[in-house]
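Here's a quick briefing on how two domains meet, plus a few backbone oddities. Have the model open as you read.

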Amino acid sequence: MSDVRKVGVVGAGMMGAEIALCFAASGFDVVIHETSLDLAKKGKERLGGILDKSIQKGKATPEEKTRFLESIALTDDFEGFEDADVVVEAVFEDFGTKKEVFSRLDTICKPQCIFATNTSSLPITLLATAVGPDRTGKFLGAHFFSPAFVMKLVEVIPALDTDEDSVAFMMDCCRKINKIPVRVKDVAGFAVNRLLHAMWVEACRLLEEGVATPEDIDNACRYGLGHPIGPFALMDLTSNDLNLRVQQILFDAYGERFRPRPVLKQLVDANHLGRKTGRGWHRYNK
């Protein structure tokens, strides 16, 4: 990482913006791309709120907030990506959308630039087909966890043709931004999501069977299993529409054990997507 000076992040949503902040807070220059500057600015504004909370908790200073935000540039046309040393993609969890992004980046970024996708479920080897043969060795997965500025884990997932040097680079990159990287095989759901969604499917089954309420199931996991947040609260945080898409991918790959439960589908149909809509398994004041 000693030769890395600039990082590009594609996507200024909840994940992309916080991934950008991780790099900015570790001293790197960052440029965020969004489809419009208004969306990019909104993402950066949310980072200001995150840093304000860190200041209140004594984990950051006003001077650091200013410095971190000043090191993040915004673009809607990939300006600044031409000299990025590593790019992390964090756009909508859709193969076509991600493939289009990487195909465009492959024509803009320098040949040495490492490409990392933050996909939570799509095959890395399949996504790597979006770039030319000279880039495939520098293409891999870097799956951050929400909230990315707080959560320490990053799953590093090599594609079939990823160079070992690129894997080592990304592992080191994660450590330089105070993350804990774990190397994971390129399989559907990787490691953590297979564990997590198996629990979420069972939590939904408990609800459907009337065994307990979402509140009581959350409390059971927090106070009985030592989890910092219960399954339904966490589903609301990560967004139920995304959770349903991931479970459908896992179901297609592994069968019945990951079949999305009807209660989750009903919630998504009602647009009760979680915190971002003000209502999910729980209600929130927007």
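What follows covers the domain interface first and the unusual backbone spots second.

This is a predicted model, where local features need pLDDT of at least 70, side-chain atom pairs count only at pLDDT 80 or more, and totals for chains, interfaces and linings use all residues. Numbering runs from 1 along each chain as its sequence is written, and side-chain values use heavy atoms, with hydrogens and water left out.

**Domains and their interface**

- The domain assignment gives domain 1 (6–183) and domain 2 (192–276); such bounds come from an automatic or database assignment.
- Eleven residues of domain 1 and seven residues of domain 2 make the contact (heavy atoms within 4.5 Å).
- Together the two domains bury about 760 Å², 65% of it on carbon and sulfur atoms (accessible area, 1.4 Å probe, that two parts lose on being put together, summed over both).
- Glu-93, Ser-120 and Ser-121 supply 40% of what domain 1 buries against domain 2, more than any other three residues.
- The rule finds zero salt bridges across this interface (a side-chain nitrogen of Lys or Arg within 4 Å of a carboxyl oxygen of Asp or Glu).

**Backbone oddities**

- Most residues other than glycine have a negative phi, and most peptide bonds are trans.
- The bond from Ser-146 to Pro-147 is cis, with omega near -5°.
- Asn-178 has a positive phi, near 65°.
- Asn-271 also has a positive phi, near 65°.
- Asn-271 counts as partly exposed because its relative accessibility is 46% (buried is under 20%, exposed over 50%, partly exposed in between; 1.4 Å probe, protein chains only).
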